[in-house]
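Visitor: I've got a protein on the screen and would like a quick tour of how it packs. Could you take me through it?

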Amino acid sequence: MKRFLLAPDSFKGTMNSEEVCRIVADAILNHIPDAEIQTIPMADGGEGMTEAYLRLFGGERERCRVSGPLGEEMDVYYGLLPDGSAVAEMAICAGLPLMEGKLDPMHATTKGVGDLILCAQRRGIRRLLLGLGGSATNDGGIGMAGALGYRFFDAEGVTVEPVACNMGKIARIVPPECMPEMEVRAACDVDNPLCGENGASSVFGPQKGASGEDVAALDAGLKNLAAVIRRDLGVDVETVPGAGAAGGLGAGIMAFLRGKLMPGVELLLDAAEFDEKVAQCDLVITGEGRMDGQSVRGKVPVGVARRARAAGVPCVALCGSLGDGAEAVYPEGITAAFAAVRGCQDFETVKHTCREDMRVLADSVIRLILAFANAPDTDGVDWLV
């Protein structure tokens, strides 16, 4: 076994996907000096997507000034690709790491996403790929829409500020006179619908700081927003897979920009010519920060594993940790999954030890693979399948 394909996601808040690739590659080469290693640092719509596309296609970073998740001004960038299109992440201006412990899903806004879109329009961009992972928001995209010129009113005709806590008050939506002339595709990292028990608020609200009461209010607000969108804009967003991505921004992209939702991992795998590369390797190694039951709903490791399985190549996942429901990944093509974090550690500790933890894990797994591959009663590969 000498040919490896490394395709991990970033480990949110600790290591980007390039770092993970380097650590795993070093572990492989330490034991197999003549190994052939291909790397595809992955992203499914969240952190690292812009850099992943710039690595694949070249291009440049275009900087602009936008609103942050709590209204503060901040400098961000998007990727300007050689074909004239652009790639950006909503998390760069509305992501969880920007909250710095001050989680507030009732007021965190996607206004910065609208600001970024307007910046790209002024630059002459007509096609935008927007990643929807890693959000701190749960506003259904009304913050973005407000920046684009949409207006929201309550039943009395009074203007409603476009923030999440006001979604239940919205009774009428008035589009702007001029819309950005831009084709928007949204790269989703989940396939959750907008509302209900599998919706944006119920599944992801708590990790953004929503209490049980907040979750109920946010879900009801999104349901009301969907009804008004259906009536005033003629778009039915409530049950569309992926509409719940980024706190309902998936629905907002469809309704306010007439954009399309697409699986982010599939877009990048196609762009990186993964199918051609996996056919030339013996083992795929993928991973993410935390693998759990949600991983089967659009996350990188399962997207990678499904394609590896189709090619008849085993796939191992090296993760930061394994959570509830992680066993659901095995029927999708993950041969085995391993966690790097040893015992109970707080996140601040993990941030300092994550690289050494991953080095130790990668070294141990490669030792295990070699032990079986070199066993006299195996052919070196079949044991993994």
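**A tour of the packing**

Guide: Let's start close to the beginning of the chain, keeping in mind that this is a predicted model. Setting aside residues within four places in sequence, Lys 2 is in contact with Asp 34, Ala 35, Glu 36 and Asp 282.

Visitor: Is Lys 2 buried, partly exposed or exposed?

Guide: Lys 2 sits in the segment before strand S1 (3-6). Its relative accessibility is 36%. Buried needs under 20% and exposed needs over 50%, so Lys 2 counts as partly exposed.

Visitor: How far apart in space are Lys 2 and Ile 37?

Guide: In sequence, Lys 2 and Ile 37 are 35 residues apart. Going through space from C-alpha to C-alpha, the distance is 8.1 Å.

Visitor: What about Thr 286, buried or exposed?

Guide: Thr 286 is in strand S11 (residues 283-286). Leaving out neighbours within four places in sequence, its contacts include Ala 7, Pro 8, Val 300, Val 304, Cys 315 and Ile 334. Its relative accessibility is 2%, and the cut-off for buried is under 20%, so Thr 286 counts as buried.

Visitor: Which helix gives the most to the largest nonpolar core?

Guide: The largest nonpolar core has 66 residues, and those with the most contacts inside it include Leu 132, Phe 152, Val 237 and Phe 256. With nine residues, the top contributor to this core is helix H8 (residues 245-257).

Visitor: How many residues are in the second, separate core?

Guide: Among its members are Leu 129, Val 300, Val 313 and Cys 315. Two of these names, Val 300 and Cys 315, came up as contacts of Thr 286. The size of this second core is 36 residues.

Visitor: Are H9 and H11 parallel or oblique?

Guide: The axes of H9 (residues 264-271) and H11 (residues 300-310) come within 9 Å and cross at roughly 50 degrees. Angles under 35 degrees count as roughly parallel, and 65 to 115 as roughly perpendicular. The crossing angle therefore makes H9, relative to H11, oblique.

Visitor: Which hand does the crossing of H9 and H11 have?

Guide: On the H9 side the contact is made by Val 265, Glu 266, Leu 269 and Asp 270, and on the H11 side by Val 300, Gly 303, Val 304 and Arg 307. The crossing itself is right-handed.

Visitor: How many residues in the contact of H9 with H11 are charged?

Guide: Four residues of this contact are nonpolar and one is polar. The charged ones number three.

How values were computed
Residues numbered from 1 in each chain as written. Predicted model: local features only at pLDDT ≥ 70, side-chain atom pairs only at ≥ 80, totals over all residues. Heavy atoms only, no water. Core = buried A, V, L, I, M, F, W, Y, C linked by side-chain atoms within 4.5 Å. Buried < 20%, exposed > 50% of the residue type's maximum accessible area, 1.4 Å probe, protein only. Helix = DSSP H or I, 4+ residues; strand = E, 2+ residues; numbered from the N terminus. Axes fitted to C-alpha atoms, helices over the stretch in contact; angles between N-to-C directions. Parallel < 35°, antiparallel > 145°, perpendicular 65-115°, else oblique. Left-handed = near helix turned anticlockwise from the far one by under 90°. Contact = heavy atoms within 4.5 Å. Nonpolar A, V, L, I, M, F, W, Y, C, P; charged D, E, K, R; others polar.
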